[in-house]
Amino acid sequence: FGELGDMKYSQAMGPQPEADQTVRLQIDTAAGCPSIRIGFTDQRLTAHGGMVVWSHFLHQKRFRHELSQALPHDPTSPNAYVPTDIALGFVGGVLCGADKLSRVAWLQSDPAVAEVLAIEAVPSQSTLSRFFAVFTQPANDRLARLHGWAAGKLPSAKGGYTLDLDSWALLHKDGQQEGVASGYTKQGLKPCHRPLIAALAEAKLVVNFWLRQGNSVCANGAVNFLRATLQELPAHIRIGLLRADTGFADESLLRAAEEAGLAFIVVARLTSPVQKLCRHADSRWQSTEVAGLEVQEIEGQRPGRRLIVVRQRIAQRPEAGGKSLFDLPSYRFQALWTNLPRSVDALGVWRRYLGRADVENRIKELGAQFGIKGLCCQSFWATEAMYHLAIAAYNLCVLLQRRLGQLEKVELNTLRWRLFARAAVWSRTGGKPTLKLAVHGQAHRGWWREMLSKLTALPNCHAVGSLSA
């Protein structure tokens, strides 16, 4: 009718009774088609009641204080949100499944999630955009120290930790953001970023991350990245071995590792001289205790370096890694540069390198479950800052599981379904905030009681029942 027509219609109809607040929806069951009454409630319910465990863990680790020291914001308005609340709201959104700023803001529709996350309010998309727009390279360098802080919560390791370096193509289909450029990917030339990552293999913890332009090669900036990583590690976290794939087989990186006193295993490129070694007669190859696997060992030009060449017969080892040569299709070949002492034989070097591929599981989890594939701002430094916070969330999930005594790390999706995504009622009983978790059955409630008691007790080595059970 238009505005005037609407007013005349309302006057003609007179005052209307309040509409019924319930409707009935029919559903199919084996017994027939019953209906369910749908209504509304003013109770403060949350779909993420289990996030209170996360908030308590952050309190134990004094993460809010560490985060406040790393943020560059200095708001002057008395009505402005506290920057740490905005950052914690973003991290909480990532843990709840958000992979875009708009999806973080959708948590505002949950009336109790802000209280559960222990923040003033869930930030809007515009608030988050302004928050990340402040970041610059120096500010991100400060933010990256959160990864070293997380590593400081680990115990020292006899023999030191294994540090794995890797790089990958982070695709962005529209290609309009800063730093996005055409780079080589598994799908061909595509617009992407090309990050660098460093992780401790035994703890599955990320200790450094740099975002780079998409047209970078693996070794671009790797020397400075390695030095920055070592500089930010706590004194008690010693690196016993550096591992990297063929993209890092650059002389400058190998020398930097030697100057830092690091033992390393880096996959060598199959250049023409190395391929000649691969084509040596059978008499040059040494058999090993592993069926179908043979090795050669060649002295490097620099003292202490060795080149280990491995060939694996495909018929006996169909899942073997490496590359095949056109004229030797029955084998896959791999070459490894190392400066490990000769007490570690060629087969031992190969075995110690085998676990390096596990860092790719960190990359997949960060991309698919911590939002890194979807999160991206126009500003390069804003995008990197989002990734640093997502990685901080990942590291804290690792530390939380260690705190609960989990012997095997589980992925974020398991934590969401088993722990974080737990419906609850938020209320104030006798003036005290109360969260009642919706947990049915004594067996499930017993698990939760045990988990909560482990979290609130002094640290110990007794494990809680598996999160993946």
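**Cavities, strands and one helix crossing**

About 30 Å³ of space lies in the second largest cavity. I start there, and I should say at once that this is a predicted model. The search covered the whole structure and found two cavities of 30 Å³ or more.

So what lines the second largest cavity? The residues are F63, L146, H147, W149, A150, A392, N395 and L396. Two helices each supply at least two of the lining residues: α8, residues 137–151, and α14, residues 380–403. Of the elements, α8 gives the most, with four residues. Look at the chemistry next. Six lining residues are nonpolar, two are polar, and no charged residue takes part.

Now the largest cavity. It holds about 40 Å³ of space. Its lining is made by D164, A199, L200, A201, K204, D358, V359 and R362. Here a strand and a helix each supply at least two residues: β8, at 196–200, and α13, at 359–369. How many of the lining residues are charged? Four are charged, four are nonpolar and none is polar. Keep that beside the second largest cavity, where no charged residue is found in the lining.

Back to α14, this time for its packing. Helix α4 covers residues 83–95, and its axis comes within 10 Å of the axis of α14. The two axes cross at roughly 65 degrees. Is the crossing left-handed or right-handed? The crossing of α4 and α14 is right-handed. From α4, the contact uses A87, F90, V91 and L95. From α14, M386, L389, A390, A393 and C397 take part. All of this contact is nonpolar: nine nonpolar residues, no polar and no charged. So α14 appears twice in this talk, once in the lining of the second largest cavity and once in the crossing with α4.

On to the strands. Please find β16, residues 328–338. Three pairings involve β16, and I take them in turn.

Take β11 to begin with, residues 264–267. β11 pairs with β16 in the antiparallel sense over three bridges. V267 stands opposite L336 in β16.

Next is β14, residues 306–313. β14 and β16 are antiparallel too, and their pairing runs over eight bridges. One pair to look at is V310, whose bridge partner in β16 is Q334.

Then β15, residues 323–325. β15 and β16 pair in the antiparallel sense over two bridges. K323 faces F333 of β16 across this pairing. β15 and β16 form a hairpin, with two residues between the strands.

Last, a separate topic: an open sheet of three strands. What is the strand order? The order is β5-β7-β6, and the pairing is antiparallel. Why are β5 and β6 each left with one side lacking a neighbour in the sheet? β5, at 170–171, and β6, at 181–185, stand at the edges with a single partner strand each, so one side of each has no neighbour in the sheet. The pairing of β6 with β7, residues 188–193, is antiparallel over five bridges. Within it, Y184 stands opposite L189 in β7.

To close, three places to look on screen. See the second largest cavity, with α8 and α14 in its lining. See the right-handed crossing of α4 and α14. And see β16, with its eight bridges to β14.

Conventions:
Residues are numbered from 1 along each chain as its sequence is written. This is a predicted model: local features need pLDDT of at least 70, side-chain atom pairs count only at pLDDT 80 or more; totals for chains, interfaces and linings use all residues. Side-chain values use heavy atoms; hydrogens and water are left out. On a 1 Å grid over the protein atoms alone, a cavity is a set of points where a 1.4 Å probe fits but cannot get out, and a pocket is an open set with protein on both sides within 12 Å along at least five of seven lines; lining residues have an atom within 4 Å of a point. Grid points are joined across faces, edges and corners, and a volume is the space filled by probe spheres set on the points. Ala, Val, Leu, Ile, Met, Phe, Trp, Tyr, Cys and Pro count as nonpolar, Asp, Glu, Lys and Arg as charged, and the others, Gly among them, as polar. Two strands pair if DSSP finds at least two bridges between them. Axes are lines fitted to C-alpha atoms, for helices over the stretch in contact, and angles run from 0 to 180 degrees between N-to-C directions. A crossing is left-handed if the near helix is turned anticlockwise from the far one by less than a right angle, and right-handed if clockwise. Contact means heavy atoms within 4.5 Å.
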